[in-house]
Structures are given as structure tokens and as C-alpha cells.
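Q: I'd love a close look at one small part of this model. Could you walk me through it step by step?

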Amino acid sequence: MKRANRKNREDSVIFNLHTRGRHVRDLVRPVGAQSSCAQLFLARPSILLVAFGVVVLVCIALAFGIASCSFSERYAKGRIPAEQAQLEPSPVAFSDVLAAELATLSSMTLMPGDKVDLEVPLIDQMDNDDAGEQLLFNGCEVTSMAMVLQAAGLDVTKEDLAAAIKKVPLWIEVDEAWVHGNPNEGFVGSLDSRDGEAGYSVYHAPVVEVANLYKGSSGLNVIDLTGQDFDTVLKELKRGHAVWIVTTVNFAPTENWEIWETNAGPMSITWDVHSVVLTGFDDEHVFINDPYGEKNVSHDRADFQAAWEQMGKQAVVVHS
């Protein structure tokens, strides 16, 4: 489902223009050493004003050209090529639990004709009522994780996770400069935007951290599969485990990218980011619970996989 209002948008690309001062000498020579051109300028002040205006315009054009080149060079140097831009989630620390999980999955085989359609409770991030449900306009990540935790048997709400997840401001002052919050450290901005503040997203690591807070002594494992291939995700579904993932609002790759300066350096981001729960698949489709109120809806599998890879291959499962 295409979301008409994913999050409050903000023109947040910042360019720090570093201009170089240049000394312009002897624009007007001493009277005794004036050239014919200088004499003409002095005789016709209007010509001098026009010339000065041209110089100013050229300097402005050069300044913007330098900024534009600096921005383009980031792509040209291969850090984040425009045609291959993707999110930059933090890497997953390898653990015994992850190793055991991958070993189990490696023994499985996906076959043509496989079909999985899991029953996972639907939670709508936009629900807001007197019983305590809170509208989380920007809360797709915590809402999707609440669905996964409930499917695993835990009594956890989106409000629980929204209250407990780490948060970072949209803007942070670092070394007397303002940079954006880092979604690898917590949810950036406001989850509900009712205070008028924009909200962006949160990546897998803080979501795994808050899920671990609520698993308690249940014996469940919260396993971060971020960085694994899509077959690994499908095998988890085949085992009966719903999967928290990050995709785009259109469930296909996006071309809408910005560069954020953060405390960890420049980072590529997109406002098209969205989190859902994978509930199944067949040869041509995947099935998802969308926290915007749609249950077990199907989307093209190839497009969905491409979007998931573009969003940094973020995936989390919860099971015993």
C-alpha cells in the first residue's frame, strides 16, 4: 500500500559551503600608472559598476559549482552511488545464537511451489482510542515489532515499545555544528509528531534492543538477521516465524535519497522508508502485515526483495 503521508517531510539536506577568499589587487592603479582600460573605467563609473557586478555573479556561480561538485563527488567516489544508494544500518555482531540459526537454515531448501501464509495479529499504528491505543504516525517500526512479538506469544503493545525504544533528536549539536540524529542509535525525531516535530525512522539495532527488553524470561530469542540474503528470510517464514523487515512505502526500490550529516559522518537516507511484517510467500509474491491497517496483503516478490536489499537487508525474527 502506498502511504500518502509516510512522515512529516523536511528539507533536511545541508550543504556546508566552504568558500575561499581571494585577494583582488590593484583594481585601480595609481594615477601615474593607469592603463587605457583603467582610465576608461574611471571616466565611466557605470562601466566599473557593471564590471563589479559581473565579478560578483561569477563568484556566486563558482561557489554553487563547488558545492554541487562536492555533493556529486560523494556519489562519483563510490560511497553512495546515486543508482545504487541504500540505507546504512550498523553491522550485526556475530553470536552463538546467530551461528546456530544460520546453521539450521542452511540445511533447509526452498522449492518451487512453496507457499507460506502465517497467521500474525494485525496492529494498526494509526489506531488511537480511549482504551489506551496511541496514534503513532511515524511508528511503523515499533508497531511491526509488536506484531512479531505477539505472534511469538508475548503480551506487548506498540505503545510499550514506543515508550521504551531509544530516541535521538532530529538535530544534534556536535562540535558547534548541527547534524542529524543517527537512526542506528535510536528513533530519530518524534514517533507521533503531535508536538509538531518531524520523525524519520529507526534501524534494526535499537529495535532488537527494545524487543530484548520485553522477552524477559520467556525463553525466546530475538535474532537479528540483518545482512543475510533474502532466501534466509524466506526460510524463516517456512519454519513458521514472522519476520520484521524494513522496506519502502511502495514495496519497490526508490530514487528519493538525501545525504544527512550525522555524528557518525555522512549517511544516505530516504523518507520512503517503511517497516512491515513478512507473513508468507509463494513463487511470485510475498505476503505482509502492513502497520497501516492491511493484513496478509500480497506484493510482487522480486520488487519487494529489491526494496528490502536497498533498505540495508534489515530483518529480525523472534522464536524459542
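Let's start with a single residue: does E236 count as buried or exposed, and what is its relative accessibility?

A: Happy to take you through it, with the reminder that this is a predicted model. E236 counts as buried, because its relative accessibility is 0% and the cut-off for buried is under 20%. Its place is in helix α7. Leaving aside residues up to four places away in sequence, E236 touches E101, L105, L225, H241, V243, V317 and H319.

Two of those names, E101 and L105, lead us to the helix contact. The axes of α3 (residues 96-106) and α7 (residues 230-238) come within 10 Å and cross at roughly 85 degrees. That crossing makes α3 roughly perpendicular to α7. On the α3 side the contact is made by E101, L102, L105 and S106, and on the α7 side by T232, K235 and E236. Sorted by character, the residues of this contact comprise 3 charged, 2 polar and 2 nonpolar.

Now for the charges. Side chains of opposite charge can pair when their charged atoms come close. The structure holds 6 salt bridges, and one of them joins E101 to R239, with the closest N and O atoms 3.0 Å apart. E101 lies in helix α3 while R239 sits in the loop between α7 and β7 (243-248), so this pair ties together parts that are 138 residues apart in sequence. The two partners differ in their surroundings: E101 counts as buried at 5% relative accessibility, whereas R239 is partly exposed, with a relative accessible area of 31%.

R239 also brings us back to where we began. The side chains of R239 and E236 meet in a salt bridge, at 3.9 Å from N to O. E236, as we saw, is buried, with a relative accessible area of 0%. Through shared partners, salt bridges join E101, E236 and R239 into one network.

For a contrast elsewhere in the chain, consider K166 and E209, whose side chains meet in a salt bridge of 3.3 Å, N to O. This pair too links distant parts of the chain, 43 residues apart: K166 is in the loop between α5 (158-164) and β2 (167-168), and E209 is in helix α6 (residues 204-215). K166 counts as partly exposed at 45% relative accessibility, and E209 is also partly exposed, with a relative accessible area of 38%.

How values were computed:
Residues are numbered from 1 along each chain as its sequence is written. This is a predicted model: local features need pLDDT of at least 70, side-chain atom pairs count only at pLDDT 80 or more; totals for chains, interfaces and linings use all residues. Side-chain values use heavy atoms; hydrogens and water are left out. Axes are lines fitted to C-alpha atoms, for helices over the stretch in contact, and angles run from 0 to 180 degrees between N-to-C directions. Helices (H or I, at least four residues) and strands (E, at least two) are DSSP runs, numbered from the N terminus. Angles under 35 degrees count as roughly parallel, over 145 as roughly antiparallel, 65 to 115 as roughly perpendicular and the rest as oblique. Contact means heavy atoms within 4.5 Å. Ala, Val, Leu, Ile, Met, Phe, Trp, Tyr, Cys and Pro count as nonpolar, Asp, Glu, Lys and Arg as charged, and the others, Gly among them, as polar. Buried means under 20% relative accessible area, exposed over 50%, partly exposed in between (1.4 Å probe, protein chains only). A salt bridge is a side-chain nitrogen of Lys or Arg within 4 Å of a carboxyl oxygen of Asp or Glu.
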